[in-house]
Amino acid sequence: MNQAVHQATTQTIEQMMMTLGQQARAASRILAGATTQSKNAALQAISQELQNQQADILAANAIDMQNGRANNLDAALLDRLELTPARFKGMLDGLHDVIALVDPIGAITDLTYRPSGIQLGKMRVPLGVVGMIYESRPNVTLEAASLALKSGNAIILRGGSEAFNSNQAIAKSIQAGLKIANLPESSVQVINTADRAAVGLLITMSDYVDVIIPRGGKGLIERVSREARVPVIKHLDGNCHVFVERQADLVKALPICLNSKTHRYGVCNAMETLLVDAPVAAEFLPQIAALYREKGVELRGDETTRSILSDALPATEQDWYEEYLAPILAIKVVDGLDEAIAHINKYGSHHTDVILTENYGKARRFLNEVDSSSVMINASSRFADGFEYGLGAEIGISTDKIHARGPVGLEGLTSQKWIVLGDGQIRV
């Protein structure tokens, strides 16, 4: 591409993004005043449009899958990309769950009288305009749109190029539903170019975008965090741990460890490192390793693990940091709760970590001292999910400590403002 053509193309993308931003800001002001009934009607209309267009959406996804295979996408990305009829139904179920959720907008809390006679409280309000950048999963288009609409936010979505056809097909149904419900079609806008310049513009449009949510690979999120001029809600990776403590019920621990790793590999809440307390390692590791072998999981272990499991490959220091998103598992034998907590806080990504134990005191210590957005006792790490947490869906998972942490649902897309209720009071 010569320089003149490149400049013209860049200018066109800049104009397009400016228009998207202006339209989103205008739509956000209408949505801020929309009733729960109006927003739910839009979501219902979107659901019907999606059902009407299911065949077209799945056909568009089939094209993306074909292109993905031709471009040698890895198995984890292809798994995220695929929309089966069952996953399509899951998308609609998630949408109906969002419709059923209590609308947080306008809720007033902490009302109290001050000595002056005024009443002081906090009201929950939308953030305004959300910009979201995500990879692979076309179902995220609907999840993000539904959560944004229900919480009164406009949203600009930029999906990955590998899901371009799927996202555009889903967006068509969303905007048709908005039109039927008499809400601005620009409440949900899906950027219709795969040019990466659009991402660079979206994350710097502070006049029009109030928050950016990146959802994808570590490289994408690092870039957004580095270059954004808009606040970012993010998690870099999901290096999740399960710790089998010496007082664990090992019969209970086997299915939890198996599910945490093998239920789905290419997801951020899959276990990537298994920690086993030294006194139960010789009994537990051969049992769980046999189950992993049946699933084709490659095991990488420290020296103690390899003395028990002769077929485990040697783990390197880097393995303790890895988010494999693949049938690979790092295993380390640790000496007690203190070493397990220290390992997790050093190598983990503050996403989701689990202890398996029947000792209440140790479980409480783990909850208190592991610095992660979700900490669990005797349950699979795969439960770290907006749907499983009763949020209806999630727009992402945050490992930040400000503004939202863990799965981000409706409330995570809102803020609060102070309100004062007076009856003629003046300050003296």
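This note goes through the two largest pockets of a predicted model, with their volumes and linings taken in turn.

1. The largest pocket of this predicted model has a volume of about 810 Å³. Its lining is made up of 31 residues, and those that lie nearest the centre of the pocket are Asn139, Glu143, Arg264, Arg382 and Asp385.

2. As for the secondary structure around the largest pocket, two or more lining residues come from each of helix H5, which spans 85–100, and helix H6, which spans 139–150. The largest share belongs to H5, which gives six residues to this lining.

3. By residue class, the lining of the largest pocket holds twelve charged residues, together with ten nonpolar and nine polar ones.

4. The second largest pocket has a volume of about 440 Å³, and 28 residues line it. Nearest to the centre of this second pocket lie Ala76, Arg80, Arg137, Gly266 and Leu325.

5. The elements that supply at least two residues each to the lining of the second largest pocket include helix H4, covering 75–81, and strand E14, covering 396–398. Of the contributions to this lining, that of H4 is the most, with five residues.

6. In the second largest pocket the lining divides into 13 nonpolar residues, nine charged residues and six polar residues. A colleague looking at the model may wish to set this division beside that of the largest pocket, where the counts are ten nonpolar, twelve charged and nine polar.

How values were computed. Residues are numbered from 1 along each chain as its sequence is written. This is a predicted model: local features need pLDDT of at least 70, side-chain atom pairs count only at pLDDT 80 or more; totals for chains, interfaces and linings use all residues. Side-chain values use heavy atoms; hydrogens and water are left out. On a 1 Å grid over the protein atoms alone, a cavity is a set of points where a 1.4 Å probe fits but cannot get out, and a pocket is an open set with protein on both sides within 12 Å along at least five of seven lines; lining residues have an atom within 4 Å of a point. Grid points are joined across faces, edges and corners, and a volume is the space filled by probe spheres set on the points. Helices (H or I, at least four residues) and strands (E, at least two) are DSSP runs, numbered from the N terminus. Ala, Val, Leu, Ile, Met, Phe, Trp, Tyr, Cys and Pro count as nonpolar, Asp, Glu, Lys and Arg as charged, and the others, Gly among them, as polar.
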